[in-house]
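User: I have a chain on my screen and would like to talk through its layout. Could you take me through it?

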Amino acid sequence: VVAGLIYIDLALRPVIMQLAEVRAQQMALDVIVKSVNQQAEVKSSSDFIRVDKDAQGRIVLVQADAVRINSFAVAVSASAQEALRDLSSQEIAIPLGQALGLYFLAAWGPSLKVKIIPAGEIWVSINDRFEPAGINQVRHALYLQLKTRVQVVVPQIGQDEVEVATDFPVAETIVVGDVPATYLNVPPLKIGN
């Protein structure tokens, strides 16, 4: 009986920690995305990207407004940090049946309480990408990348830290150039073997 209990404990411990980590990541990501969406509701792409055109109406310059983007990133970071602090007062309950992996018992059994503790600050970085979007078209996308770590504590089982990261699109611009009279697509030649 003792050997059986030790075996069950050793078998369930990693499963319970993995379930707790996944739930903690989901909850932290949900809180971060909601706080970013609240900050983004009052903004539009034109708040972050300035587009200059020539006399014929063609785009000659696409420029990011670094001051506005940085202030938005700071507001997002503060809002997400506050939301994560509120998350630390919550507990997750994982039914023992779910930890056993038996679908018909997934909602049954005593629940194990899991506590989520923010383990650090939220790091926000600003990234932009230029991608081809067609013939003489370029897509410029501006993203905020948010990262943080949360600590997952399961009493009598252990604790672990998990990373939570997401990219949030801030602005996207399509720069359209003149369509050429001729378009030629030449595949690369293979020389040699």
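Analyst: The discussion below goes from the overall fold to individual residues. Please note that this is a predicted model.

User: How many helices and strands does the chain have?

Analyst: The chain has three helices and seven strands. Along the sequence, their order is α-β-β-α-β-α-β-β-β-β.

User: And what percentage of the residues are buried?

Analyst: Buried residues account for 27% of the 193 residues in the chain. The accessible surface is about 12,500 Å², and carbon and sulfur atoms contribute 56% of that surface.

User: What share of the contacts is between residues 24 or more positions apart?

Analyst: Taking contacts with a separation of 6 or more, 64% are between residues 24 or more positions apart.

User: Let us turn to the interior. Which residues of the largest nonpolar core touch the most other members?

Analyst: They are Ile32, Phe48, Leu146 and Val150, in a core of 35 residues. At least two residues of this core come from each of α1, α2, β3 (91-95), β4 (111-118), β6 and β7 (158-176). The largest share is from α1, with nine residues. As background, nonpolar side chains in soluble globular proteins tend to be buried together.

User: Phe48 is on that list. Which residue does phenylalanine 48 form an aromatic pair with?

Analyst: Its partner is phenylalanine 72, and the pair is tilted, with 5.1 Å from centre to centre and 55 degrees between the planes. The structure holds one aromatic pair, and this is the pair in question.

User: Where do phenylalanine 48 and phenylalanine 72 lie?

Analyst: Phenylalanine 48 is in the loop between α1 (2-40) and β1 (49-53), whereas phenylalanine 72 is in helix α2 (residues 66-87), so the pair ties together parts that are 24 residues apart in sequence. Phenylalanine 48 counts as buried because its relative accessibility is 2%. Phenylalanine 72 is also buried, at 4% relative accessibility.

User: Staying with α2, is valine 76 buried or exposed?

Analyst: Valine 76, in helix α2, is buried, with a relative accessibility of 0%. Beyond residues up to four places away in sequence, valine 76 touches Val36, Gln39, Leu144 and Leu146. Leu146 is also one of the core residues that touch the most other members. The C-alpha atoms of valine 76 and asparagine 37 are 8.9 Å apart, although the two residues are 39 residues apart along the chain.

User: A different topic: histidine 140. Which strand is histidine 140 found in?

Analyst: Histidine 140 belongs to strand β6 (residues 137-154). The cut-off for buried is under 20% relative accessible area, so histidine 140, at 4% relative accessibility, counts as buried.

User: Which side chain does the side chain of histidine 140 join in a polar contact?

Analyst: The side chain of aspartate 128, through a polar contact of 3.3 Å. Leaving aside neighbours within four places in sequence, the residues in contact with histidine 140 include Ile49, Val62, Arg129 and Phe130, as well as Ala171, Glu172 and Thr173.

User: Arg129 is in that list. What does the charged end of arginine 129 sit over?

Analyst: The charged end of arginine 129 sits over the ring of tyrosine 143, 4.1 Å from the ring centre. In addition, the side chains of arginine 129 and aspartate 167 are joined by a polar contact of 3.3 Å.

User: What else does aspartate 167 touch?

Analyst: Not counting residues up to four places away in sequence, aspartate 167 touches Tyr143, Leu144 and Gln145 in addition to Arg129. Aspartate 167 lies in strand β7 and is partly exposed, with a relative accessible area of 36%. From C-alpha to C-alpha, aspartate 167 and asparagine 127 are 9.2 Å apart in space, with their positions 40 residues apart in sequence.

User: Finally, which residues is isoleucine 174 in contact with?

Analyst: Outside its neighbours within four places in sequence, isoleucine 174 is in contact with Ile59, Ala133, Gln137, Val138 and Arg139. The C-alpha atoms of isoleucine 174 and valine 138 are 5.7 Å apart, and the two residues are 36 residues apart in sequence. Isoleucine 174 lies in strand β7 and is partly exposed, with a relative accessible area of 34%.

Technical notes. Residues are numbered from 1 along each chain as its sequence is written. This is a predicted model: local features need pLDDT of at least 70, side-chain atom pairs count only at pLDDT 80 or more; totals for chains, interfaces and linings use all residues. Side-chain values use heavy atoms; hydrogens and water are left out. Helices (H or I, at least four residues) and strands (E, at least two) are DSSP runs, numbered from the N terminus. Buried means under 20% relative accessible area, exposed over 50%, partly exposed in between (1.4 Å probe, protein chains only). A polar contact is a pair of N or O atoms within 3.5 Å; within protein, one must be able to donate a hydrogen and the other to accept it, and residues adjacent in sequence count only if both atoms are side-chain atoms. Contact means heavy atoms within 4.5 Å. Accessible areas come from the Shrake-Rupley method with a 1.4 Å probe; for residues, only the protein chains shown count as cover. Rings of Phe, Tyr and Trp (its six-membered ring) pair if their centres lie within 6.5 Å; planes under 30 degrees apart count as stacked, over 60 as edge-to-face and the rest as tilted. A charge sits over a ring if NZ of Lys or CZ of Arg is within 6 Å of the ring centre and within 35 degrees of the ring normal. A nonpolar core is a set of buried Ala, Val, Leu, Ile, Met, Phe, Trp, Tyr and Cys residues joined through side-chain atoms within 4.5 Å.
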